[in-house]
Number of protein chains: 2
Amino acid sequence: MATGTYVVGIDVGGQTTKLGVVDARGTVLAQTVIRTDNHSTVEPYIEEVAEAVNKIIADAKAEGEIRGVGVGAPNGNYYTGNIESAPNLPWAHSTVEFAKLLSEALNGLPVALTNDANAAAVGEMTYGAARGMKNFIMITLGTGVGSGIVINGEVVYGHDGFAGELGHTAAVRNNGRVCNCGKTGCLETYCSATGVARTAREWLELSDEPSVLRSLDTIASKDVYDAAKDGDKLALKIFEFTGKILGRSFADFIAFSSPEAIVLFGGLARAKEFLLEPIENAMNENVLPLWKNKVKIVFSQLKESDAAILGASALAWEL
Amino acid sequence: MATGTYVVGIDVGGQTTKLGVVDARGTVLAQTVIRTDNHSTVEPYIEEVAEAVNKIIADAKAEGEIRGVGVGAPNGNYYTGNIESAPNLPWAHSTVEFAKLLSEALNGLPVALTNDANAAAVGEMTYGAARGMKNFIMITLGTGVGSGIVINGEVVYGHDGFAGELGHTAAVRNNGRVCNCGKTGCLETYCSATGVARTAREWLELSDEPSVLRSLDTIASKDVYDAAKDGDKLALKIFEFTGKILGRSFADFIAFSSPEAIVLFGGLARAKEFLLEPIENAMNENVLPLWKNKVKIVFSQLKESDAAILGASALAWEL
């Protein structure tokens, strides 16, 4: 059993890696950021990560008091501690024994690893909106749609460690949008930040409806949000559509694990004012009567700048 | 901690209640059947059940060696031990404290209760095709479509005890068939025994394709099966369609809990020869690449006449 007053959280993103020392209340005592994409092999990257970890431990005056390190990374497998071929990480095009390598570089400090959405779920359960909840589903609405499922207080990893890919369930069964994963109609193609921008471009093409979005050269979800804020009708309809697709899918997720709540996090979740009502309406229209108006939709309570570090760090309390 | 060499399994169906004494290998040592629908209040029914239990315990010469009683019943809630308003049970139109009442009638013998599909999952894990599996999904293809989800060796009950209603996830999102639950497009409306008969009636109406099914006054799934056996092309297409809808939905279920296998049970699962291939094809076409050709479709190995009793009895080993 590991002991120690503090944990380290590491969030591995495509461009940057965020690291922080965290206490049991979720206060980030020291943090730093390094580049993820400076190296094409893993060894020099791990060396830089270890250096950064040692630096923030020193900054936090937490030497000898670290219980362990939690890592959230794309395609991170909790069972093996490996990152299994993540196309967005230049040093992980094949399988990388990340947890093992990092632990060795940190003189044997224990390291736990999972994907970013699962880390977010543990973070929310430890420090955030899901505190005290034993059964909930975390949905991250970012560039893609990620998910972390918690049942009886434990993240669901499944037979192989990769459970919880709800962004790739079918939102649309026929003629759905092409997804990066190779399938069509995935929830992620409609309800991620990219999906919202895609809806905007598609609808501008298909109708003559006036919208401030027409004047833009490129459209990102942030533009759609700003337009909705200004009362742009097309932008508002885009969020209503996005919320409806989410709510319909949530109804099916509920039939699976009967969660107390669905917790939303990520860039797109900032559009709560436009998404909440259509999500709740579609969810309650499509769910079995026994769950109608029973499952809460809640939004992450973690400070956005800290959330990724907190999520990853929370894993380490279980080491 | 309960001890004892044997358990009792009770399967409560709409018309009959099957009871049996079972040993650790899944041998049914003594069994009997009573009517479920002779009473409109629960007390006299419980009395009959208790009598029947005592009789089969005596038949099996297992007095004093019973660890507990497991019950599978529609709308059975594992957490509360209650049957919560089951329209098909004349004495359970409102909530009935089934486990408590039965335990009292059996002089304090512990009683565990869940719904029939969850009981089937535990049965399959204890005695059947899922022995040794920690992560699988049980799908029962009967009058309806039921499901029992096992994660890390435990049935998923969720926040309220009602998790695992996969028969009521959306197989068809628009213009889907009306379901008894009040929704439309539920998996159950297509892939249950009733659903197969419904497909037959619908297709006969919509096309002029010749089929032996045209000569029947009423069509049950068994008729479609017999016709398929005889090479009837329409009947074969109906099973292909049914398997495809199942496989597509299974792909989404896999994204949730990443099971080792999906286990099929129930009357319609007897049509394995016509269902297996279309299920596997549709599942592998619609699943994320990482799970392609990885998740097994297996069929129940429990002797059909014993399966309901075995499933319920298996619950009692955990008491």
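This is a short dialogue on reading a predicted model of two chains, A and B.

Trainee: What conventions apply here, and how is the model scored?

Mentor: Residues are numbered from 1 along each chain as its sequence is written, and chains are lettered from A in the order in which they are written. The model is predicted, and local features need pLDDT of at least 70, side-chain atom pairs count only at pLDDT 80 or more, and totals for chains, interfaces and linings use all residues. The predictor gives the complex an ipTM of 0.93 and a pTM of 0.94.

Trainee: How many residues of chain B are in contact with chain A?

Mentor: Two residues are in contact if their C-beta atoms, placed from the backbone, lie within 7 Å. By that rule, 30 residues of chain B meet 30 residues of chain A.

Trainee: What rotation superposes chain B on chain A?

Mentor: Two copies of a chain are related by a rotation about an axis and a shift along it. The fit is by least squares on the C-alpha atoms of residues with pLDDT (the predictor's confidence in each residue, from 0 to 100) of at least 70 in both copies. Here the rotation is 180° with 0.0 Å of shift along its axis, at an RMSD of 0.0 Å. The two copies are therefore related as by a two-fold rotation axis. The same surface serves both, as 100% of the contact residues of chain B recur in chain A.

Trainee: Is Asn286(B) buried or exposed?

Mentor: A residue is buried if 20 or more other C-beta atoms, placed from the backbone, lie within 10 Å of its own, exposed if 12 or fewer, and partly exposed in between. Asn286(B) has 24 such atoms, so this residue is buried. Leaving aside neighbours within four places in sequence, Asn286(B) is in contact with residues including Ala170(A), Lys183(A) and Gly247(B).
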